[in-house]
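User: I would like to learn how to read the packing of helices and strands. Please take me through one example.
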Amino acid sequence: MKYPDNLRYTKTHEWVLLEDDGIVTVGISDYAQDALGDVVFVELPEVGEQVDAGEGVAAVESVKTASDIYAPISGEIVEVNTDLTNQPELLNTEPYGGGWIFRIKPDNPADVEKLLEASAYQEFAESQ
Amino acid sequence: MKTTPLTAAHRALGAKMAPFAGYDMPIQYSSISAEHLAVREAVGMFDVSHMGEFWIRGAQALEFLQYLTPNDVSKLRVGRAQYSMLPNAEGGLVDDVYVYRTGEQEYLMVVNAANVEKDWAHVQALAEGFDVELENASEDWALIAVQGPKAAEKLQVLCDADLSAARKNDTFAAKVAGKAVRLARTGYTGEDGFEVFTAPADAEAVWQALLGAGVTPCGLGARDTLRLEAGFPLYGHELTDETSPLCTPFAWVVKTYKEFHGKAAMLSRPCPRRLVGLVLEQGIPREGYKVFAEGREVGQVTSGTLSPLSKKGIAMAYIEAAYEGLDTPLQVEIRGKLYAGKVSKLPFVPLG
């Protein structure tokens, strides 16, 4: 299982990358995709939507189950990964790359610093 | 947590394990979809050793089973099996079961893993006054279900009996990989297949021989999607202590021309809601989701998934009887939105 060091994580298994332009990209962790199994459908949020940290904004469906994806920080959804509409399996094959889900313009970029670092998230995930 | 005689073999294969009915069971090895399709297209196998087995023997074994279950056990010749149920006094169900006639006065009943204790207490209580001998043999058997269109072909290589002579629901003693087993041409996937009852000590040898013959190991995840595609009920979902089988497509099990425990209560229960199959155009229905018709909530999903074969959302649901007709338009609420679908025939996909 991979836990890249350059990302921050939530206890609901999203990962967050603060990009150079101040926008954050959000996906689900390798641990989460493995637990879900074959992803068959991704329900994306709407661009322009204002979301609060902890709010359910997207959903991922595997053969087995449906899981909500939560906004890791507050802000505005500025982009969604439409590739997932036809290729939901990208969440399984490239959870940290082509399987990103949405991008948020943060209300407060410092919120990212409050999320879990890779080592702390790994410890949390593997104790589940 | 309890283990089966095959738990170590599952771990060695890298299976994802999870608690199920008090047992540490494999949920999947590779992926649910891949395992599902292996069973539909070739052959897969499942460790179902967690299921329970009761022996019912004696001069009044038939009379007792006629009272205990609603199907007609008198039709069961030696070496044959039938699907049946255990009604409670209120006309609901304690469990659904399979009954195998293994001798003139000897029957083996296979029950759901989660219900072994409840069923055992029920069977014992009802046996009072019958000349029968009961034995809870759940710990004496391991059980491997070999399922798929190539089940007979793959199993034949390892088996001393002529499997081509066996009809659906036949059961007989044989040897597989040199081990004494009981075979039954039964299963829970909608495909052809055999259930292989072995002594716990022989289970791993049989499992490894089947692996060597090219049978795909499958977990409980695929078992659930396969049974749902096939339109089979799962106790605790479609069938419960509170549900009458007469309100389901499985009413055929209940032979109203004979007497059985709970019959009067079962017949007097109305069916305001009926169990039906549902297919959605888009979206994946899940247990507990609400079903709507004409702008109003009319029922609830009991099991749902994406069919790995048809790639459509499929479900079983209890809905108001007025809407049970084939192709009746219905909607399922998924995360606050209504998704269009209709009442479907069962099974959901063509089966071999």
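**Reading helix and strand packing**

Analyst: α3(B) passes α4(B) in a right-handed crossing (the near helix is turned clockwise from the far one by less than a right angle; anticlockwise would be left-handed). This is a predicted model, where local features need pLDDT of at least 70, side-chain atom pairs count only at pLDDT 80 or more, and totals for chains, interfaces and linings use all residues. Residues are numbered from 1 along each chain as its sequence is written, chains are lettered from A and ligands numbered from 1 in the order in which they are written, and side-chain values use heavy atoms, without hydrogens and water.

User: At what angle do helix α3 and helix α4 of chain B pack?

Analyst: Two packed helices are described by the angle between their axes and the distance between the axes. Helices (H or I, at least four residues) and strands (E, at least two) are DSSP runs, numbered from the N terminus. Axes are lines fitted to C-alpha atoms, for helices over the stretch in contact, and angles run from 0 to 180 degrees between N-to-C directions. Here α3 (61-68) and α4 (116-126) of chain B pack at about 120°, their axes 10 Å apart. The two are therefore oblique to each other (not under 35 degrees, roughly parallel; over 145, roughly antiparallel; or 65 to 115, roughly perpendicular).

User: Which residues of α3(B) meet α4(B)?

Analyst: Contact means heavy atoms within 4.5 Å. B:F64, B:Y67 and B:L68 meet B:H122, B:V123 and B:L126 of α4(B).

User: What is the strand order of the open sheet in chain B?

Analyst: Two strands pair if DSSP finds at least two bridges between them. The six strands run β10-β11-β12-β9-β3-β13, with mixed pairing. β10 (171-176) and β13 (216-217) of chain B are at the edges with a single partner strand each, so one side of each has no neighbour in the sheet. Inside chain B, β9 (142-147) and β12 (193-198) pair in the antiparallel sense over six bridges, and B:L143 is opposite B:F197 in β12(B).
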